[in-house]
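The following exercises concern salt bridges and surface exposure in one protein model. Please work through each task before reading its solution.

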Amino acid sequence: DNVECAHEYVGLLLEAVRQARAEVVHDLERAQAAGALRQVEALQLVAWKLERLETHLTASRKLLNDLRRLRRLLLGEADEPPRALDGEADDPLHRP
């Protein structure tokens with residue numbers, strides 16, 4: 001099903017963005033230590049863009065999860081427990 005594939009794909013993208021954010025933090029620390037002001041500013045912008053992207057991907061993954069559950073409900077399929085990503089389990093607004 002397309003929704004299932006999209007959910008998995010967005011999850012993989014989310015993992016990649018989180019890894020990229022960690023790398024940017026490391027690069028930012030090195031640039032700050034070297035006193036490379038323009039590089040620091042550029043990396044701060046990259047970090048902010050990656051943060052925004054992570055937020056959007058997290059929201060998209062939650063919406064796709066809702067669509068998966070609704071599809072299963074409509075088709076009368078057995079509902080399997082949702083797989084939470086880091087941080088989703090702590091989110092009081094997240095409905096599994």
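**Exercise 1: A bridge between helices**

E4 and R72 form a salt bridge whose closest N and O atoms are 2.9 Å apart; determine which helices hold the two residues and whether R72 is buried or exposed.

Solution. The model is predicted, so local features need pLDDT of at least 70 and side-chain atom pairs count only at pLDDT 80 or more, whereas totals for chains, interfaces and linings use all residues. Residues are numbered from 1 along each chain as its sequence is written, and side-chain values use heavy atoms, with hydrogens and water left out.

- Step 1. A salt bridge requires a side-chain nitrogen of Lys or Arg within 4 Å of a carboxyl oxygen of Asp or Glu.
- Step 2. E4 lies in helix α1 (residues 2-34) and R72 in helix α2, 68 residues apart, so the pair links distant parts of the chain. Helices are DSSP runs (H or I, at least four residues), numbered from the N terminus.
- Step 3. R72 is buried, with a relative accessible area of 7%, while E4 is partly exposed at 25%. Buried means under 20% relative accessible area, exposed over 50%, and partly exposed in between (1.4 Å probe, protein chains only).
- Step 4. E4 and R72 also belong, with R68, to a network of salt bridges.

**Exercise 2: Two further pairs**

Establish how far apart in sequence R21 and E54 are, and what separates D27 and R30 in helix α1.

Solution.

- Step 1. The structure holds six salt bridges. One of them joins the side chains of R21 and E54, at 2.5 Å from N to O.
- Step 2. Because R21 is in helix α1 and E54 in helix α2, this pair ties together parts that are 33 residues apart in sequence.
- Step 3. R21 is partly exposed at 29% relative accessibility, but E54 is buried at 13%.
- Step 4. D27 and R30 meet in a salt bridge at 3.3 Å, N to O. They are three residues apart in helix α1, which means that about one helical turn separates them.
- Step 5. With a relative accessible area of 27%, D27 is partly exposed.

**Exercise 3: A nonpolar patch**

Which residues form a nonpolar patch on the surface?

Solution.

- Step 1. Patch members have over 30% relative accessible area and no salt bridge; like charges are joined within 9 Å, and nonpolar side chains (Val, Leu, Ile, Met, Phe, Trp, Tyr) within 5 Å.
- Step 2. The patch consists of L67, L70 and L73, with about 310 Å² of accessible area together (Shrake-Rupley method, 1.4 Å probe; for residues, only the protein chains shown count as cover).
- Step 3. L70 is located in helix α2 (residues 37-75) and is partly exposed, at 47% relative accessibility.
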